[in-house]
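Biologist: Could you take me through one helix of this model in close detail, and then show me how it sits in its surroundings? I would enjoy seeing the reasoning as well as the numbers.

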Amino acid sequence: MQRRTLFAVAAVMVALMLICGCTGTTSDPTPVATEKQQLRIATTTSLYDTKLLERLTPIFEEQYDAEVLIVSAGTGKAIEYGQNGDVDVLMVHDRAREDAFLADGYGINRRVFAYNYFVVVGPESDPAGIRGMHPEAAFTTIRETGMTDGSDVVFVSRGDASGTHSKEKAIWKAAGFNYSADVQGSGDWYQEAGTGMGATLTMANEKQAYTLSDIGTYLAYKGDLDLVTLVDEGDILLNVYCAMQINPEKYPDINSTVAKDWVNFMISEDVQKEIASFGVDQYGQPLFYAARNDWEKIGVPQAEVKDPIP
Amino acid sequence: MYEIIEGFVEAARLIFTLDPDVMAIAARSIVISLTATILATLLAIPLGAVINFGTFPGRKSLINLIQTLYSLPTVIVGLLIFLLISRVGPFGSLRLLFTPTAMVIAQTVLILPIMTGLTISALSGIDPVVRDTLYSLGATRLQFLVNIMKEARFAILATVAVGFGRAISEVGAAILVGGNIAASSFGSSTRVLTTAISLETSMGNIPESIALGIILLAIALGVNLAITTVQHR
């Protein structure tokens, strides 16, 4: 009996080593100046969790004979990677912080390639009763009911300095609250997840809590969630995605040619069509809208959606 | 409950059909942690020997320090290496952040203290009779070391196993310096078993997590079994 177990374990080990050997020989684990150029992108989690980038990168890799390496992090962290010059391209969605980043000279050539809307999602039973409200009123109501004794109203915040977190703070502000004084630490109803959008939705689902999500990630996760859209109307819910290069003047050995190719690729007509149709067959509605023809509607200069970087 | 069972069934399918993504992640884990263990072994054994047989001021405190570092938190190592190799750090020009090499470095640093410490214990645990015999037979310094190593080989082998186990099971440093990248080529990706489990669980992909977890356990079990088999021979 013991011998048989030993054999089984040995077989598993041999199998693993074989697999390791097969995969290991095809390429070296530590690449030494591979002939393909590498593009490093720091992206907001929503573009990653929806698998939009998974769809677009193979197309780019083939067209430009490059390898795309994607680090998925909240906008805040992505901006930090950009500031340190650890990536070549940023893909984020926080207009105000992008402006600061550009003004400080870290980023150049911002192009807007997509937009969608944020939604407030929560349990079907809607214990706070926010269905159909405006975002500011909905937030106020969640806070009020959450702070009453014995309530089971919980709001899960991204809490990770991401673009979505910024938007959430903007809504609290618009609703007349001081975020750090009135919201953070004001009770157990307000919980900060400190993680990506997909993970935050999973957490909100476990706790049957409310959260703010971009519609794209929510739709992509909807199949596994018992959360429903409760608030989806209000100008403040607009969510605009951009791509920009890290300034090669700050970091001269950055891969700026392929970075430029990527940004231009994102606003090219073909990719814009790809973005507009992404997810329609699977979710019955698009996860993102192409920015190309809607620049007026989303309030950005025409050049930022149409003019390729020269 | 149903979800868990379903998860295990799907996990079994992923393993037995040799799902290419899952297998690549497992292989990458082994390659990275094995490289780190080899590097750490090459550093820890001479270091351990020097500390054990050497006489110098502060030797006791040094051993104490090494033993304290056994429980070096993985995220601290991750943070340290991150600061060193990020573009604005002192080794930034090497562009190592978010590469498998960075993960190898972090894991090497992580397991170096425990491997050095256990090497010291292994060497100091050798019967003094052996040492005295070697001296009396007029062994040269090199001959002495080679024979002592031979005598301590099983304990050192166990040290290597402990190092590998700690390297392959850590997640904090791997995610900070690796970035959990899934790229199209094997060598550019930094997604390993632990970081993948963390990601898949947070995204609600439980079957993948279970499959990866089973593989991780199987590797740990296999290594330990291999070591005990050798030791009992």
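Modeller: Happily; what follows starts with helix H3 of chain A and then widens to its neighbours, the domains and the second chain. Please keep in mind throughout that this is a predicted model.

Let us begin with the geometry of the helix. H3(A) covers residues 52–64, which makes 13 residues. At 1.5 Å a residue these should span 18 Å, and the end C-alpha atoms are 19 Å apart, so the expected and computed lengths agree.

Next, which residues of H3(A) are buried? They are Leu52(A), Leu56(A), Thr57(A) and Phe60(A). An α-helix has 3.6 residues a turn, so residues three or four places apart point the same way. Looking down the axis of H3(A), the buried residues fall within an arc of 110°, and therefore they line one face of the helix. The face turned away from that buried side carries exposed residues, namely Glu54(A), Pro58(A) and Glu62(A).

What do the buried residues of H3(A) pack against? Their partners in chain A are H2, E2, H11 and helix H12 (269–277). Three of these are worth a visit, and E2 is a good place to begin.

Strand E2(A) takes in residues 66–72, and six of its seven residues are buried, so to describe the strand as mostly covered is fair because a residue counts as buried when 20 or more other C-beta atoms lie within 10 Å of its own. E2(A) is joined to strand E1 (residues 37–43) of chain A by seven bridges, and the two strands run parallel. One pair to look up in the viewer is Leu39(A) with Val68(A), its bridge partner in E2(A).

Between H3 and E2 of chain A there is a loop, and Asp65(A) is found in it. Asp65(A) comes just after H3(A). Its phi is near 50°, a positive value in a residue other than glycine. Asp65(A) has 11 other C-beta atoms within 10 Å and is therefore exposed, since the exposed class holds residues with 12 or fewer.

The next partner is H11(A), which runs over residues 256–267 and contains Thr257(A). Is Thr257(A) buried, exposed or partly exposed? It has 15 C-beta neighbours inside 10 Å, so it counts as partly exposed. Thr257(A) also ties together separate stretches of the sequence: Asp88(A) is 169 residues away along the chain, yet the C-alpha atoms of the two are 9.6 Å apart in space.

That leads to H2 and the domains. Chain A is divided into domain 1 (37–115 + 238–306) and domain 2 (117–237). The centres of the two domains, taken over C-alpha atoms, are separated by 26 Å, and 20 residues of domain 1 are in contact with 20 residues of domain 2. On the domain 1 side, helix H2 (45–49), helix H4 (75–83) and strand E9 (238–246) of chain A each supply at least two residues. H2(A) gives the most to this side, with three residues. Sorted by class, the domain 1 side has five nonpolar, eleven polar and four charged residues. H2(A) therefore appears twice in this account, as a partner of the buried residues of H3(A) and as a contributor to the side of domain 1 that touches domain 2, a link that rests on what counts as a contact, C-beta atoms within 7 Å.

Another helix of chain A makes a useful companion to H3(A). Helix H9 (residues 197–207) of chain A has as its buried residues Met197(A), Gly198(A), Ala199(A), Thr200(A), Leu201(A), Thr202(A) and Ala204(A). Just after H9(A), Gln208(A) takes a positive phi of about 50°.

Stepping back, chain A has 14 helices and ten strands. Of its 310 residues, 48% are buried. Among its contacts between residues at least 6 apart in sequence, 74% join residues at least 24 apart.

Finally, a look at the other chain. Chain B has eleven helices and zero strands, and its C-alpha atoms fill a box of roughly 65 × 50 × 30 Å along the principal axes. Buried residues make up 45% of its 233 residues. In chain B, Leu18(B) has a positive phi of about 50° although it is not a glycine. Leu18(B) lies in the loop between helix H1 (2–16) and helix H2 (20–53) of chain B, and with 13 other C-beta atoms within 10 Å it is partly exposed.

Conventions:
Residues are numbered from 1 along each chain as its sequence is written. Chains are lettered from A and ligands numbered from 1 in the order in which they are written. This is a predicted model: local features need pLDDT of at least 70, side-chain atom pairs count only at pLDDT 80 or more; totals for chains, interfaces and linings use all residues. Helices (H or I, at least four residues) and strands (E, at least two) are DSSP runs, numbered from the N terminus. Domain bounds come from an automatic or database domain assignment. Two residues are in contact if their C-beta atoms, placed from the backbone, lie within 7 Å. Ala, Val, Leu, Ile, Met, Phe, Trp, Tyr, Cys and Pro count as nonpolar, Asp, Glu, Lys and Arg as charged, and the others, Gly among them, as polar. Two strands pair if DSSP finds at least two bridges between them. The expected span of a helix is 1.5 Å times one less than its number of residues. The arc is that of the directions from the helix axis to the C-beta atoms.
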